[in-house]
Amino acid sequence: MEQELRNKVKEAAKEYYKEVYGKKCEFDYIPPSGKLLGEEELLNMIDASLDMWLTAGRFNKEFEQKFAKYMGVKFALSTNSGSSANLLAFSALTSYKLGDKALKKGDEVISVAAGFPTTINPIIQNGMIPVFVDCEVGTYNIDADKIEEAITDKTKVIFLAHTLGNSYDLDKITELAEKYNLWVIEDSCDALGGEYKGRKIGTIGHIGTFSFYPAHHLTMGEGGAVITNDPQLYKIIMSFRDWGRDCCCPPGRDGVCGKRFTQQLGKLPYGYDHKYTYSHVGYNLKITDWQAALGCSQIEKLDGFLEIRRRNAQMLTEKLSDLTDYLILPVVKEGVKPSWFGYLISVKEGSPFTKQQLVEYLESHKIGTRQLFAGNILRQPMIVDNDVNFRIADSEIMNSKDLTEDVYKKLPKTEFIMNNTFWVGTFPSLGEQEITKIADTIHEFVKGNV
């Protein structure tokens with residue numbers, strides 16, 4: 001009877017979807033990003049609702065297993081956002097359970113200033129020093145040849161995002177990590193499905209992180225994931241995600257760990273309930289089963305989404321290739337297969353127009369644009385107006401009060417990106433008609449300004 005009633009609800013939902021959402025999406029304004037949801041996502045969310053299970057449950061278990069299999073790793077943990085995934089990945093490395101490898105306040109972390117703030121925030125929040133290395137124009141990733149000069153005996157981690165799905169030089173970074181005994185966190189929030197020499201981005205470092213926000217390669221609305229092949233890191237990350245608990249028993253299930261009343265930890269009495277024993281100063285960053293249900297459907301479509309993103313990026317490259325006297329188009333290094341979160345364009349120095357003029361023209365013609373996130377994060381109020389310590393490459397530690405134009409000049413490519421770079425969309429709802437309109441509008445602007 002229960003299954004029969006579920007089926008009736010689902011049949012009604014199918015009719016609703018066809019009537020309300022079944023028509024092909026037509027854009028008056030072409031956004032730079034967006035979600036692509038189908039009937040399957042709606043039915044999965046309804047199925048989860050009918051379970052009346054409010055936190056992570058059967059769909060979450062299914063998603064974590066599917067995601068680990070897709071990525072080709074041993075362990076995947078869902079979380080409520082990509083930003084939380086970064087926080088969990090970095091916080092896990094502070095665990096006392098790692099012994100001499102545990103991060104300590106004042107340790108240094110290699111990163112870049114041209115990116116999203118929540119790659120940097122966990123470094124600052126955990127009392128460590130971000131060390132900013134300049135980027136390359138074209139890939140918009142870290143200049144890997146400049147990393148080694150930034151490493152000191154206090155450097156413990158390389159924590160970098162793959163910019164808009166285009167991988168940085170993982171060979172060089174892995175080599176340096178091994179040479180100096182460093183942790184590597186791959187922020188792959190904008191790079192799900194991208195590859196480096198046949199291996200999926202996010203699987204080469206010690207920990208990989210992902211975002212499932214609506215703008216991303218698959219969506220849960222809000223959501224993210226952390227992956228690793230290290231069983232110790234997996235348990236530590238789970239602890240930080242689940243209130244800092246020492247116990248690995250899932251919500252609503254007791255005794256899975258087999259140690260509920262058989263241990264003495266900390267200075268607690270012997271046999272104190274393991275479900276209420278906390279080994280880390282953690283958080284509650286789990287997802288709901290509704291989100292996981294959405295993810296279970298989306299992951300089945302992921303390869304198709306990626307194919308469309310790559311096709312759209314290729315079309316833009318072909319249609320804008322005659323404008324390279326004025327524009328810098330994306331550069332892809334040998335062995336890299338990007339997953340193209342968006343399509344980056346830079347206006348060359350000396351061009352008869354500015355990025356700002358081009359962006360305003362596109363927006364006025366109903367084509368959405370985005371900056372490369374924070375531009376130069378050292379110019380953002382989060383740094384300038386707070387008491388933040390940092391280093392630039394081979395310089396001494398500075399504080400936000402020390403920031404001057406001379407300091408910014410130490411990151412010339414980052415400054416260029418802030419002033420000259422923006423991106424347009426490649427997401428799967430866009431087709432040849434929208435991509436052609438983007439390219440044609442850029443041509444119209446350039447023709448009118450040259």
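**Exercise 1. Work out how H1 and H2 cross: left-handed or right-handed?**

Start with the handedness: H1 and H2 cross in the right-handed sense. The rule calls a crossing left-handed if the near helix is turned anticlockwise from the far one by less than a right angle, and right-handed if clockwise. Helices here are DSSP runs of H or I with at least four residues, strands are E runs of at least two, and both are numbered from the N terminus.

Next, the geometry: helix H1 (residues 2–21) and helix H2 (residues 39–51) pack at about 145°, axes 10 Å apart. Axes are lines fitted to C-alpha atoms, for helices over the stretch in contact, and angles run from 0 to 180 degrees between N-to-C directions.

Then the residues: H1 brings Arg-6, Val-9 and Tyr-17, among others, while the H2 side includes Leu-42, Ile-46 and Leu-50. Contact means heavy atoms within 4.5 Å.

A word on the model: it is predicted, so local features need pLDDT of at least 70 and side-chain atom pairs 80 or more, while totals for chains, interfaces and linings use all residues. Residues are numbered from 1 along each chain as its sequence is written, and side-chain values use heavy atoms, leaving out hydrogens and water.

**Exercise 2. Find the residue of helix H8 that links to Glu-40 in helix H2.**

It's Lys-301, which forms a salt bridge with Glu-40, the closest N and O atoms being 2.9 Å apart. The two sit 261 residues apart in the chain. A salt bridge needs a side-chain nitrogen of Lys or Arg within 4 Å of a carboxyl oxygen of Asp or Glu. By that rule, the count is 24.

**Exercise 3. Trace the nine-strand sheet and name its edge strands.**

First, the order: E1-E9-E8-E5-E4-E2-E3-E14-E15, an open sheet with mixed pairing. Two strands pair if DSSP finds at least two bridges between them.

Now the edges: E1 (75–79) and E15 (398–399) each pair on one side only. E1 runs antiparallel to E9 (residues 224–228), joined by five bridges, and Ala-76 has Ile-227 as its bridge partner in E9.

Finally, add a helix: H3 (residues 58–71) packs on the sheet, touching E1, E8 (207–211) and E9, with its direction about 130° from that of E1.

**Exercise 4. Explain why E7 and E11 each have a side without a neighbour in the sheet.**

Their sheet is open and antiparallel, in the order E7-E6-E11. E7 (199–200) and E11 (336–337) stand at its edges with a single partner strand each, so one side of each is left without a neighbour. For E11, two bridges make the antiparallel pairing with E6 (residues 195–196), and Glu-195 stands opposite Lys-337.
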